[in-house]
Structure formats: C-alpha cells, structure tokens
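Dear colleague,

I am passing on the structure below, together with some notes on its empty spaces and its packing. Please read them alongside the coordinates.

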Amino acid sequence: MRLIARYAKELQEGFEIITVYETQTHRELISKHNPRIKTLAKKHPAAIWFERKIHDDFGIIIEDAFDKRPLVHQERFPRDVHPLRKDFDKDTLQEAEYLPYKYEAINGDGVFQVAVGPIHAGIIEPGHFQFSQAGEDMLHLEVRHFYKNRGIEKMLEGKTLVEAKPIIERISGNESIAYQICWRDIYLQAAKQELPIALRKRHALLLELERIIHHLTDLGFIPNDAGFGAALAFASKLAEDARRKMQELTGHRFGFDAIDFQNQFIDTASLAEWLQNMQKSMEFFEDWIIDIPSLWDRFDTTGKLSFKKAQKYNTVGVVARASGVALDRRLEKFYLDHGFIIASEISGDVGARFKVRMQEVNNSLLMIQNFLEEDNTHLEMQTIQDGSYQSFAESSLGELFMAIEIKNGVIDRFFVRDPSFMNWQALHIMMQNDIIADFPLINKSCDLSYAGNDL
C-alpha cells in the first residue's frame, strides 16, 4: 500500500494524525497530555520526514523512530516551540543556544566528509548536501533542507479559500498551475459543484504547457551538467518561447491567477501554429541529442534508482516512471480520451529520466492540440461548506497532494505534500557507485523543488 502523506492537526481535546495511502485514509486520535504515535518508517522509509515534521510542528513524540532529529527547526530554533499549535501566535522568535545538527556519516580509513551548501556557487535555493567520500567515490549522501521555512501552513489558517489562493499558487513557481488545480478541486468539492468540460480542457491545457516549460528547462540543463552547453542554449530558447506563450494565455509568465471558473478567449490559430513549430523543434532536438555517444556515456548507468527502491521510497513523477513505476495522476478517462500516454523507462538512470521528459513533452504537445477549444463557459460558484477535503494533480515534478480542513467558512488546517518531499528522500540511493562530479547531473535529472519542499 503506497504512502502518500502523513500529517497532524490539532483538535480541542487532542490531535488527529492523518495518514493518506493510495486507496484509503487512516485517522487516529491521540491525547494532548502525552501525545505519542508509532513510527511507520520501518515499513515506509519516506514516512520519517513526515514524522520528524509532525514533531517539529506539534511536539508529538514518534515512538521507535530511527531518526528523531529536527527536520524543519534549525540549530537555533527555540526548544519546545511548536508553531502549528493553535496557541502559537508569535511574530518573532528568540534564538536559542546553538545546538549542532549531527549528520549521518560513514567513517573509516581514507573516508572524509564533503559539505556542499546551503550557500551555492550557482543561483539556486538553499539546500545542504553532506557527502561521505572515499576519493571521488560517493559512499553516502544526506540531504538537509528547510532553511527558508515561510510558515505557509500557519499563514493560511483563518483565511477563506479565495483569500488563500494567491499564496497557494506561489508556493512553488515550477508548479503554480498544478497548485491552483489542487485548490480548484477542493473549492469544487466544498461547493458541491462539477467543473464544465470546457473549463477542464482549458485548465488541463495550461497544466501541460507548464509541464512543457519545465521539462524543456531540464532537457537543457541535464546535458549542460554533462558538459554539453549547446543543448542548454537550444532548449532554453524553446522554454522561453513556451514561457511567453504562458504569459500570452494567462497574463503572467508563471500562470499566476490562471485557474478560475470563467473561460478566457484563446487564439486557437496562433496556438496551433506554435504547437506545430514546437513539434518540429523537438524532432530536431531528439535527432541531435540521441546521436551524441559521449553524452549518453555520462547518462547511462549514472544515478540509478531500481524499480524496487523507487517503490520502497514511494517516489513519484519522472523519478518513479523512469524506474518502471507506472504512476501518474493523469491515468484516468478524461486524459486518456485526449491522447494521454504514460511515459516510462526501466533503467532508472539519468538517461531514463531524460528520455521520459522528451516523451512527455511530445505527449503534452499532442494533448494541448486536443484540448484546443473556443468556448466562453463560466461557472457561478456556490457557497462552500465546512469539511475535510483532499485533491491531487500531476505536476511537472510528479504527484501533488493537498488537504484543507474548512471550519466556519475559513481554513482551519492547510497541508500540502509536494512531489519533491518524497523524491528528495530517495536521492541518496542514486549516488551509490558514482563519483562526486556526477552529483549535479544526477540531482538535476530529478528536478527537485526546494520551495515546494520548504513551506
């Protein structure tokens, strides 16, 4: 049974622990006087980050856990302060005494530690990578993030769904449309309404355009990290063209405020022409890139993630599909009727993840063509009702999960699990048997979000 998420919410008399699986959701009530839960990490290794976060957020003890270190709280975060409790209302915090974070490490003759980040030479977000090395060989990697926790879960408490939308859609710029679609589906559930097919087509079109933008970016950066900069120049030009098309369709390069309940005019002739040109460019790119043996010498067998480990760590998105795990939230009638074909490979290496992205760009171009429609449909939204709601979307990074509890018409608990929250935890497995110079290449082939991971 696949683990999707585990999180907590505070009730008047205790806490509720919500564990979301593929086919069911478990809810467990525990006391506030001595809040404790059993770990799931022995069966589901990816549960450990959820459980460490639960402790940081609420102070709930995780029994039998193999890792009880803080996750979100950094070295000077005040002890016994748990910001998602209802009685926490501080605007500032007094720094505590520095408490060193003990990294996992392999020791032995000739083994040394290499620390990378959280300040990087490249212009990227903060993440720390701690390597145990024997010469160039990577023996172990520990990933540590959460340097820029923005307090989004707490920030959204007490807001209406409409008030929350501008924040939700900006959680991760890579996945703005996907986050909006999760928000949309929760709004529809709470209002007990269905989305007209014309609006669903428009929203799906924008989601596939967002996927194209980010896959093209990766299709440039992955060869670049293997020393082939020409691919980055070509793919960046295509990605920029797609980004400008997003701005033309939505008014914003990242598609902010693009998902609503009124259909907007689309110049179908212009978009059809752009699709045709993009398809020709992708044909050229594939023929060009496939025929460079030295590049595939770097891609093939590098950063391997086996099918068994991909399942064990509950990976999602391209990372899962490149290892043979047929997991995609678009595997349903609406998408299948509009040309969706799941992309997958089995070797689980950098080359496989690159190929899956090329397949998905081509399939997204086909689906956008099938989604094209001139329609002025709109939906008058009804009053929302209190309740617990969940939604999913297949972002460019993988399965996105969102849960919102509405009480008295406003958000009482907001929780989101970005696909990167799962995939970051499997990254260390891909480093074994490779050298440290391959780390940027392997990391980029997974396209993991920092911002979506760090709420």
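Which element gives the most to the lining of the largest cavity? Strand 11 does, with 3 residues, and I should say at once that the model is a predicted one.

That cavity has a volume of about 100 Å³, and both helix 1 and strand 11 (410-417) supply at least two residues each to its lining. Among the residues lining the largest cavity are Phe 50, Lys 53, Phe 146, Phe 415, Val 416 and Arg 417, and by class the lining divides into 6 nonpolar, 2 polar and 4 charged residues. The count comes to 4 cavities of 30 Å³ or more, and the second largest of the cavities holds about 70 Å³ of space. Helix 5 provides the largest share of the lining of this second largest cavity, 4 residues, and the lining includes Ala 198, Lys 201, Arg 202, Phe 371 and Asp 375.

Turning to the open spaces, the largest pocket has a volume of about 1000 Å³, and of the 32 residues that line it, Ile 123, Ile 124, Phe 221, Lys 444 and Tyr 450 are the closest to its centre. Helix 5 (197-224), helix 6 (229-250) and helix 15 (439-446) each contribute at least two residues to the lining of the largest pocket, with helix 5 giving the largest share, 6 residues. In that lining, 13 residues are nonpolar, 11 are polar and 8 are charged.

The second largest pocket, by contrast, has a volume of about 460 Å³ and is lined by 24 residues, with Phe 77, Pro 83, Leu 93, Asn 149 and Gly 151 nearest its centre. Helix 1 (47-58) and helix 2 (152-155) are the elements that give two or more residues to the lining of the second largest pocket, the largest share, 3 residues, coming from helix 2; by class the lining has 10 nonpolar, 5 polar and 9 charged residues.

As for the packing, the largest nonpolar core has 133 residues, of which Phe 414 and Leu 427 touch the most other members. Leaving aside residues up to four places away in sequence, Leu 427 touches Phe 129, Leu 141, Val 143, Phe 439, Ile 442, Asn 443, Cys 446 and Leu 448. Apart from the largest core lies another, of 5 residues, including Val 318 and Ala 352.

Finally, helix 12 (residues 350-371) reaches 31 Å from its first C-alpha to its last, close to the 32 Å expected, and it is largely enclosed by the rest of the structure because 16 of its 22 residues are buried.

With best wishes

Conventions: Residues numbered from 1 in each chain as written. Predicted model: local features only at pLDDT ≥ 70, side-chain atom pairs only at ≥ 80, totals over all residues. Heavy atoms only, no water. Core = buried A, V, L, I, M, F, W, Y, C linked by side-chain atoms within 4.5 Å. Buried < 20%, exposed > 50% of the residue type's maximum accessible area, 1.4 Å probe, protein only. Contact = heavy atoms within 4.5 Å. 1 Å grid on protein atoms, 1.4 Å probe; cavity = no way out; pocket = protein on both sides within 12 Å on 5 of 7 lines; lining within 4 Å. Points joined across faces, edges and corners; volume = space filled by probe spheres on them. Nonpolar A, V, L, I, M, F, W, Y, C, P; charged D, E, K, R; others polar. Expected span 1.5 Å × (residues − 1).
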